[in-house]
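Student: I'm new to this one. Can you show me the structure and talk me through it?

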Amino acid sequence: MHETPLFSKAGSLFAGRRSKWVTLAVWVILIGILSVFLPNVNSQENNAARQLPDDSWSLQATELMHEHFPSYEGVPALVVWYRADGLTDPDLAGIQKVAAQLTEKPLEAQQGVPPLHQMPAPALKSMLSQDGKLLVLPVSFKEGTETEVLQEGLKKLQEVATVQLGGDPFAAPITDGGLHARITGPVGIQTDATALFKNADFALLMATVLLVLILLILIYRSPILAVIPLIGVGFAYGIISPILGFLAKMDWITVDSQSISIMTVLLFGAGTDYCLFFVARYRQSLLEERNPYSALRASFAGSTGAIGMSGLTVIVSLLGLLFAHYGSNHRFAIPFSVAIFIMAIASLTLVPALLAIIGRVSFFPFIPMTPEMRAEKERKKGKRIREQKAVGRFSAALGRIVTEKPKSVLIISLLVLLALASFAPQIRFTYNILESFPSTMPSREGFQLLGDHVSPGSLAPMNVIVDTEGKPIDVKGALSALPYVASVSDPVNSKQDGNYKSYELIFKQDPYDLEIIDRVPDIRNTVEKQMSAAGLDAPRLWVGGETATQYDTKTVVERDTRVVIPVVIAVIALLLLIYLRSIVAMIYLIATVILSYFSALGAGWLILHQFMDTSAIQGLIPLYAFVFLVALGEDYNIFMISSIWQERGRLGLREAVRLGVSSTSSVITSAGLILAGTFAVLASLPIQVLVQFGVICAIGVLLDTFIVRPFLVPSITILLGRAAFWPGKAEAGRAVADRG
């Protein structure tokens, strides 16, 4: 192990005899000050932030509706009233009372409600579904209303209905008899989704902490050591939360419940990994150094460079999301990068200080001792004490296998990964947000009722706006002729300019279904042809509504995937080139992680589709999974390859690889199991997008841990020989070692 004066001094600075207490005190004081004067990140959630860029068709259409059609009634919450044996006159009278109260005492941000209470009975009954079992009461809210306001409004709406009807129609299962009500539509879906994430936060945190604690105890068989990384993550979160809360309060960043949930997983997974990287070096040093402070200094020298480089790789990968245009993709970049940066600092300051305070007892009951210390203890006890080795038998066996049969190892590894990757092209994607939610979620139940008794397209009509320039154009006829359109309204004239006309289009199918979403360009082309036939040289039209929004989402997300992935690859490649000074090593390290990514997608789809009855995965998943898997996968490669590079100048390549695989096997396996476990926790949540993300990332981490890192990368390194260091020379190993 090579020591450098700089990192040895850093060890004394943060984990010396006196400085260890100063380091701990600084962290405690910082957390106290920030917690008192800055808001926590959860208090600054904004779940209604805009997702699409300003030039999106759907956003332009919405703005035009506000400008030219002021009667446009914003975003609807559809209250679906249902009785299996048909709605009765008392049911309708009660619904009229609800409409009357909402008209007299509007909810906060309420923009409109139809005057059902003013309708005579025949007119009201004409609004029922054909089978007479269902009635929809749309209650619209202003665009951009905060989710908390919408949630409170819907809660009051339910209270009003309960009072007016003499019972709660929102509570009983749909299969029961009697009158039922469910709130669906864009507002119902948005509020239900937010509630799911909020309810998941605490469960996710507790499950993650418990899982990490159990895995650490099982792996290290030390209750004290199991707690130290969790303390490190907890302290880091104590700094991260108020900093992100402050940034959000200043409107420099935007955070939502989904990003906080995923950040929690990332923090516990990656944070524990960094702590374990340092702990592994510390344990190895304690087997060689009697003085624990000398061991800590040696640990700094041996691990700081790898931990720093690993953290930097994750940070710059996440910052690559700044190139994304879709809101949630772009907004992930800063919060996640800040979280990893602070966690890396905690791993190199607070965790060493805690280890210095506790000392060798951290590893109780299997306390690492030097040969001299073990001999002294044997003399005192009068019996032989089991020798502790830096490398276990299993780890040593891995090192031997990969160095003795590199060709066989390479071929088998590639076959496994390529076989799994072959399933990736079979993946089907969806942008139907309802499919992410449990079937018992109220808004999904309401949507199902609409689909069963009314056209499902009424859940979210499409708005088509045209500038006729004063010419007669049969837009309604052209749209009505489309086979997937259920109905088109008569045109509504703009109050600003009579040339602008708006049409409401209702689909025959689910307006969130990918087949319908992909019809948006066809609808535009149909209207454009009709306008061109009327003599308009440059037809001007706009398409809005939820289906158009989902089409724009699909387009922007696909664009982000095409742009961000090459950016992340390029930045990581540059960092690896600077760190390793080898073009060849940079290329195959990047290639192995990309192969692992596609293998994770393929394996994830296989499990989700075949065993979890998933017909399609959310369109956002590939980009999310790529950024996390490539960044975290390179973490493990960097930690192992840095060990090989350090020893390359002292040992032969084959021996350096054997030692590198053996010495890092235990810690990377431990770290990989913990990181995969934290991602797998997401699969326990009732939100499909997080289940899919968690399953794919967990599989990817396991592939990196058990195939790419111990077999694929080392076998390629051996087979390439000296070429692996090109254009560097053998001394390149010393150069990396000198950098930590």
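Tutor: We'll take one helix, then the salt bridges. This is a predicted model, where local features need pLDDT of at least 70, side-chain atom pairs count only at pLDDT 80 or more, and totals for chains, interfaces and linings use all residues. Residues are numbered from 1 along each chain as its sequence is written, and side-chain values use heavy atoms, with hydrogens and water left out.

Student: How many residues has helix α2?

Tutor: Helix α2 covers residues 19–37, so 19 residues by DSSP (helices are H or I runs of at least four residues, strands E runs of at least two, numbered from the N terminus).

Student: Which residues of α2 are buried?

Tutor: Ser-19, Lys-20, Thr-23, Leu-24, Trp-27, Ile-31 and Leu-34. Buried means under 20% relative accessible area, exposed over 50%, partly exposed in between (1.4 Å probe, protein chains only). Those buried residues fall within an arc of 150 degrees seen down the axis, so they line one face of α2. The arc is that of the directions from the helix axis to the C-beta atoms.

Student: What's on the face turned away from the buried side?

Tutor: The exposed residues Val-22, Ile-29, Val-36 and Phe-37.

Student: New topic. How many salt bridges are there?

Tutor: The structure holds 11. Each is a side-chain nitrogen of Lys or Arg within 4 Å of a carboxyl oxygen of Asp or Glu. In one of them, Glu-445 pairs with Arg-182, the closest N and O atoms being 2.7 Å apart.

Student: Where do Glu-445 and Arg-182 lie?

Tutor: Glu-445 is in helix α16 and Arg-182 in strand β4, so the pair ties together parts 263 residues apart in sequence. Both Glu-445 and Arg-182 are buried.

Conventions
The expected span of a helix is 1.5 Å times one less than its number of residues.
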